[in-house]
Amino acid sequence: LLQPSIKGVLRVMAAIIVHGGCGKMSNSKRTPIIEGCKRAAIVGHKVLESGGSSLDAVEAAVRVLEDDYHFNAGHGAVLNSDGDIEMDAMIMEGKNLQLGSVGGIKGVANPVSLARLVMEKTDHVMLIGEGAKEFARERGIPDVSTEELMSPHKTKKHKVKKPKDTDHTHPTQDRDIDTEHTHPPQDIEHTHPTQDTDHTHPSQDIEHTHPTQDTEHTHPTQDIEHTHPTQDTDHTHPTQDTVGAVARDVHGNIACATSTGGISLKRPGRIGDSPIIGCGGLADNNLGGVSATGHGESITRITLAHRVLSLLATHSVDESIDQALRYMWDKTGGKGGLILITKDGVIGKGFTTLHMSWTSIDPNGHIETGIDNPRVDII
């Protein structure tokens with residue numbers, strides 16, 4: 001994992017991996033989701049190739065996903081039960097353990113960049129709600145309307161029913177849940193991506209355009225009535241609920257970033273795992289970096305990011321991912337996924353949902369993209 005530098009001194013080779021969320025994806029969403037992840041990884045890798053920091057790389061990669069309406073973060077974030085968009089994000093670097101996060105932020109196009117400002121321009125690690133919004137105004141971040149975050153060209157009407165308090169043992173879902181699958185996946189293989197894996201080199205010209213006026217978006221359309229998930233709703237297959245990135249730069253420094261719009265029709269003020277250190281993300285040069293995705297309450301209860309990095313001290317990458325995700329299923333009944341890079345630059349990924357979109361660029365500069373593998377058997 002070392003290569004000669006210009007001056008002949010060995011330096012660490014850079015690596016990055018991004019994810020676009022986990023759950024069950026329809027066939028119509030697969031291509032734009034896969035392409036979005038690939039585009040984000042390439043943008044982040046170009047930062048690393050130019051000598052940029054891992055922190056710059058993960059921020060750049062996550063911003064690409066926040067600007068893509070196919071993902072539930074920034075533009076494309078889901079609505080809460082009041083018809084508003086409240087987003088969470090975090091960013092962290094592993095050299096000095098600097099961290100910034102925001103929770104329940106409204107009217108910001110790129111929450112991950114606001115989280116970085118919290119890290120670099122305040123003495124705090126987290127700002128939430130109105131306090132975070134006021135800080136954004138102070139830093140000159142443009143205000144973005146809910147309608148613009150939902151769609152760049154149309155104002156959509158939403159009839160939203162207030163949520164009822166439900167039994168906490170049946171967590172609510174993310175958007176577009178398919179309740180047909182109520183059992184954990186069987187016959188799952190933890191291998192390298194197969195049918196849906198694309199091995200290319202980042203130097204290839206990959207053209208991806210931003211949604212335009214003629215683009216049809218699959219987000220809530222006009223006059224759609226949304227009902228809040230109830231106790232009888234299957235929560236085990238969240239869909240595309242979070243985006244994230246982990247990178248290691250040429251200096252061996254690791255960083256992570258995670259951003260999300262949260263659970264569809266969530267109670268106003270709800271904050272999930274994404275902005276919480278050790279849950280939705282964690283970076284430590286002595287351990288590695290992680291970004292998690294899935295059911296936020298379950299991830300938070302078992303501190304998924306911290307758990308998987310702790311397991312790396314005595315287990316292989318695949319074993320650590322398997323054990324952490326199985327533990328979450330056993331203890332909470334929640335599913336999810338994660339991406340990671342170890343302190344030595346080894347890339348790992350795994351999930352217990354039907355799908356998780358991801359793209360990695362390894363220290364040799366090769367791209368891998370997947371959506372069906374590697375799933376973790378939790379039977």
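## Helix α3, salt bridges and cores

Modeller: Starting with helix α3 in this predicted model: the buried residues there are P111, V112, S113, L114, A115, R116, L117, V118 and M119.

Colleague: How many of the residues of α3 is that?

Modeller: Nine of 11, so the helix is mostly covered.

Colleague: What do the buried residues of α3 pack against?

Modeller: They pack against helices α2 and α4 and against strands β4, β5, β6 and β11, the last of these spanning 254-260.

Colleague: R116 is on that buried list. Which residue does R116 form a salt bridge with?

Modeller: D56, with 2.7 Å between the closest N and O atoms. R116 sits in α3 and D56 in α2, so the bridge ties together parts 60 residues apart in sequence.

Colleague: Are R116 and D56 buried or exposed?

Modeller: R116 has a relative accessible area of 13%, which is under the 20% limit, so R116 counts as buried. D56 is at 32% and therefore partly exposed.

Colleague: What about the loop before α3, where A109 is?

Modeller: That loop runs between β5 (99-105) and α3 (111-121). A109 is buried, at 16% relative accessible area.

Colleague: Which residues does A109 touch?

Modeller: Leaving out residues up to four places away in sequence, A109 touches E66, G74, H75, V144 and L149. For E66, the C-alpha to C-alpha separation from A109 is 7.3 Å, and the two are 43 residues apart along the chain.

Colleague: Back to charges. How many salt bridges are there in the whole structure?

Modeller: Nine. One of them pairs R39 with D68, where the closest N and O atoms are 2.9 Å apart. That pair links distant parts of the chain: R39 is in helix α1 (residues 27-49), and D68 is 29 residues away in the loop between α2 (54-66) and β4 (87-93).

Colleague: Is D68 buried or exposed?

Modeller: Buried, with a relative accessible area of 5%.

Colleague: And E134 with R137, how far apart are N and O there?

Modeller: 3.4 Å, in a salt bridge between the two side chains. E134 and R137 are three residues apart in helix α4 (residues 129-138), so about one helical turn separates them. E134 is partly exposed at 39% relative accessible area, and R137 is also partly exposed, at 46%.

Colleague: Which residues are joined into one network by salt bridges that share partners?

Modeller: D56, E59, R116 and E120.

Colleague: Switching to the cores. Which residues touch the most other members in the largest nonpolar core?

Modeller: I16, V18 and V102, out of 52 residues in that core. There is also a second, separate core of 38 residues, which includes C22, I254, L311 and W358.

Colleague: Which residues does V18 touch?

Modeller: With residues up to four places away in sequence left out, V18 touches C37, A40, A41, A61, G244, A245, I339, S357, W358 and T359. W358 in that list is a member of the second core.

Colleague: Last topic, the surface. Which residues form a nonpolar patch?

Modeller: V125, M126 and I128, with about 250 Å² of accessible area together. I128 belongs to strand β6 (residues 126-128).

Colleague: Why does I128 count as partly exposed?

Modeller: Because its relative accessibility is 46%, and the partly exposed class lies between under 20% for buried and over 50% for exposed.

Note on methods:
Residues numbered from 1 in each chain as written. Predicted model: local features only at pLDDT ≥ 70, side-chain atom pairs only at ≥ 80, totals over all residues. Heavy atoms only, no water. Core = buried A, V, L, I, M, F, W, Y, C linked by side-chain atoms within 4.5 Å. Buried < 20%, exposed > 50% of the residue type's maximum accessible area, 1.4 Å probe, protein only. Contact = heavy atoms within 4.5 Å. Patch = residues over 30% accessible without salt bridge, like charges linked within 9 Å, V, L, I, M, F, W, Y side chains within 5 Å. Areas by Shrake-Rupley, 256 points an atom, 1.4 Å probe, with all protein chains shown as cover. Salt bridge = Lys/Arg side-chain N within 4 Å of Asp/Glu carboxyl O. Helix = DSSP H or I, 4+ residues; strand = E, 2+ residues; numbered from the N terminus.
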